[in-house]
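Dear colleague,

I am handing over the structure below, and I would be grateful if you could look it over before reading my notes on it.

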Amino acid sequence: MGDLRKTFHVRDYDLDATLSSGQAFRWQQLGQAWEGVIGGRWVRLRLSKGDITAEAAKPVRDWAWLEHYLQLHFNLDQALATFPDDEPMQNAVASFPGLRLLRQDYWECLASFILSATKQIVQIRQMVMLLSKRYGEPIASNDDDPAFAFPTIKVIAACGEKELRECKLGFRAPNLLGAARDILDKKIDLQRLPTLTSSEARKELMKLHGVGPKIADCVLLFAGGHQEVFPVDVWIERALQQLYFPKRRPSAKQLRKFADTHFGPYAGFAQQYLFHHARVHLKLK
DNA sequence: CATCGACCTGGAAGG
DNA sequence: TATTGCAGGTCGATA
């Protein structure tokens, strides 16, 4: 039959940092708990004393989807050991030891980052929520209101630009629409992405309307699990600039080159630490 | 190639 | 309370 609850023992897992660090946009903190939707399922997560307790709305027979999403089996120590031994990196890790990378659905991740262009995390969440409420399937939750799955490619592709703009997407509306239609038109095959190398997958993703290097890299890192990929956005640019080149002012291209060689095989994971640390603790600009 | 403006709009910041 | 400046990017045009 399955259970409504399940407890996972974890070591060094900072749920708060992980779910609020701007890699996923479907999580809401209520008191000590986090509520969100993973695929077609609503869940409530709570971390206490080294245990993550999950609560579902309907009995769950197999929790593999959650373990996979949260990457519970991931060997954190092994990854951390590859990070460069310099002060900025060590500080970033020290301020959120236990920050993790999630493993998200390709389409939801892609769509979310298409929406992320020149928006703050709160606003991105807002857009994702509006879209889900309006175009996603309602699913059972333990709250008074139902939850909503993220809308499918097909449903988005069938929308008009104008209705998408009503979800506060602004100029991102045609980009989301274009990408959804490109996928339906088989300009690229999302199903095939996991079989490709990161540079091949990157090229594929960039064929989509409104998808450039930054968004492609986010999808590779947050959905594809390509942990060596290092998305460069304005925050990371500022953080690298301030932390590693306080005197000079290197070009974006030089920063990218530095990042590609400096951070090692888990560069993307390192990036997540730098990003979160910078966002929470640093006055940038 | 590097640089530059256009593209929407909500919600802060400083007058 | 009205105004201004800005925000996890991408695309196309320009020397």
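What follows is a short account of the DNA contacts and then of the nonpolar cores.

This is a predicted model, in which local features need pLDDT of at least 70 and side-chain atom pairs count only at pLDDT 80 or more, while totals for chains, interfaces and linings use all residues. Residues are numbered from 1 along each chain as its sequence is written, chains are lettered from A and ligands numbered from 1 in the order in which they are written, and side-chain values use heavy atoms, with hydrogens and water left out.

Around DNA strand B lie K119, R165, K168, G170, F171, R172 and K253, where a residue is near the strand if one of its heavy atoms lies within 4 Å of it. By class, this surface has 5 charged residues, 1 polar and 1 nonpolar (Asp, Glu, Lys and Arg count as charged; Ala, Val, Leu, Ile, Met, Phe, Trp, Tyr, Cys and Pro as nonpolar; the others, Gly among them, as polar). Of the strand's atoms within 4 Å of the protein, 57% belong to sugar or phosphate, and the rest to bases. An N or O atom in the side chain of R165 is 2.7 Å from a phosphate oxygen of DNA strand B, whereas a polar side-chain atom of R172 lies 3.1 Å from a base oxygen of that strand.

Turning to the interior, the largest nonpolar core (buried Ala, Val, Leu, Ile, Met, Phe, Trp, Tyr and Cys residues joined through side-chain atoms within 4.5 Å, buried being under 20% relative accessible area with a 1.4 Å probe, protein chains only) has 74 residues, of which W107, L110, L205, L240 and F263 touch the most other members. A second, separate core of 21 residues includes V10, W27, I52 and L70.

With best wishes

Key: Polar contact = N/O pair within 3.5 Å; in protein donor to acceptor, adjacent residues only side chain to side chain. Buried < 20%, exposed > 50% of the residue type's maximum accessible area, 1.4 Å probe, protein only.
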